[in-house]
Amino acid sequence: MLQPLPSHRVPRRAFLLMPLAAGALVASLYRRERKMPDAAAKGTGTEVDLVAFDDKGEREGTLHVQQIVKSDEEWRKELAPDEFAVARKAGTERAFTGRYWDNHEAGLYRCVCCGTALFRSDEKFDSGTGWPSFWAPAAEENVRTEKDDSLFMERIEVLCKKCNAHLGHLFPDGPRPTGMRYCINSCSLRFAKA
Ligand SMILES: [Zn+2]
């Protein structure tokens, strides 16, 4: 009598591996799409002057560019969900959970949305808050501030000048020489090692 072929084994294993393969494919596509945005990329909004920096934090000159204006759908495609929630929807990451609060490497922190140079390791300090903290931006020209009355507090919001990404808040209790503390979400930043 013929034994039934154990053919079901092969397709079954293939079937089990399929989600893994699909997951790996999605992950690789996702990684490919998450390349660094270019700070000199053309926008469609108001014209602004920015200061360009190399990854060592050295000034390279002035950029005259248009602000970047994109729809939520467009940003959603380019950002991870937590980056979108913080940078585009003014969210706040939980303290001590971000990728840079404890980063002590030398380099430049760029906008996660548009690549504009925002902060440098030279001005970073340990604030003990669990968020990356800086006593000054890389260049005053590259950020803008706005009054923020949300959550029953009067705070100063810090935004990217090029794309209006929400970065964090500014407090007057920082160290010398400025006495200012830029309390910034890791989610809004992309670190470039010097
Ligand atoms: Zn930006």
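**Proline 37.** I began with the contacts of proline 37 in this predicted model, and, leaving aside neighbours within four places in sequence, I found it in contact with Cys111, Val112, Cys113, Cys114 and Gly115. Proline 37 lies in the loop between helix H1 (9-33) and strand S1 (47-53), and I noted that 76 residues of sequence separate it from cysteine 113, although the two C-alpha atoms are 6.7 Å apart in space. Buried or exposed, or something between, was my next query for proline 37; its relative accessible area is 24%, and it is therefore partly exposed, since the buried class ends under 20%.

**The sheet with S3.** Cys111, one of the contacts of proline 37, falls within strand S3 (residues 107-111), and I therefore turned to the sheet that holds this strand, citing its edges as I went: strand S4 (117-120) and strand S11 (189-193) each have a single partner strand, so one side of each is left without a neighbour in the sheet. The sheet is open, with 3 strands in the order S4-S3-S11 and antiparallel pairing. Ignoring direction, I have its neighbouring strands turned by 30 degrees against each other on average. Between S3 and S4 I listed 3 bridges in the antiparallel sense, and I saw tyrosine 109 standing opposite phenylalanine 119 in S4.

**The sheet with S9 and S10.** I then looked up the open sheet of 6 strands, which runs in the order S5-S6-S10-S9-S8-S7 with antiparallel pairing. Strand S5 (124-125) and strand S7 (143-148) are its edge strands, each pairing on one side only. Inside the order, S9 and S10 pair in the antiparallel sense over 4 bridges, and glycine 168 has isoleucine 184 in S10 as its bridge partner.

**Histidine 166.** I located histidine 166 in strand S9 (residues 166-171). Its relative accessibility is 3%, and it therefore counts as buried. Which residues does histidine 166 touch, not counting those up to four places away in sequence? I listed Val86, Ala87, Ala90 and Gly91, then Glu157, Val158 and Leu159, and finally Asn185 and Ser188.

**Arginine 181.** In strand S10 (residues 181-184) I checked arginine 181, which counts as buried because its relative accessibility is 12%, under the 20% limit. Leaving aside its neighbours within four places in sequence, I recorded contacts of arginine 181 with Phe125, Ser127, Thr129, Ser133 and Phe134, and also with His169, Leu170, Phe171, Asp173 and Gly174.

**The chain as a whole.** Stepping back, I counted 3 helices and 11 strands, which follow one another along the sequence as α-β-β-α-α-β-β-β-β-β-β-β-β-β. Of the 194 residues in the chain, 41% are buried, and the chain exposes about 11800 Å², of which carbon and sulfur atoms supply 57%. Among contacts between residues at least 6 apart in sequence, 56% join residues at least 24 apart.

**Confidence.** Last, I checked the scores: the chain averages a pLDDT of 87, and 79% of the residues score at least 70. Where does pLDDT stay under 50? Over residues 5-11 it does, and there the model has 0 contacts beyond four places in sequence; over residues 25-33 it does as well, with 4 such contacts in the model. I kept in mind that predicted coordinates should not be read in detail where pLDDT is low.

How values were computed: Residues numbered from 1 in each chain as written. Predicted model: local features only at pLDDT ≥ 70, side-chain atom pairs only at ≥ 80, totals over all residues. Heavy atoms only, no water. Helix = DSSP H or I, 4+ residues; strand = E, 2+ residues; numbered from the N terminus. Buried < 20%, exposed > 50% of the residue type's maximum accessible area, 1.4 Å probe, protein only. Contact = heavy atoms within 4.5 Å. Areas by Shrake-Rupley, 256 points an atom, 1.4 Å probe, with all protein chains shown as cover. Pairing = 2+ DSSP bridges. Axes fitted to C-alpha atoms, helices over the stretch in contact; angles between N-to-C directions. pLDDT = per-residue confidence, 0-100.
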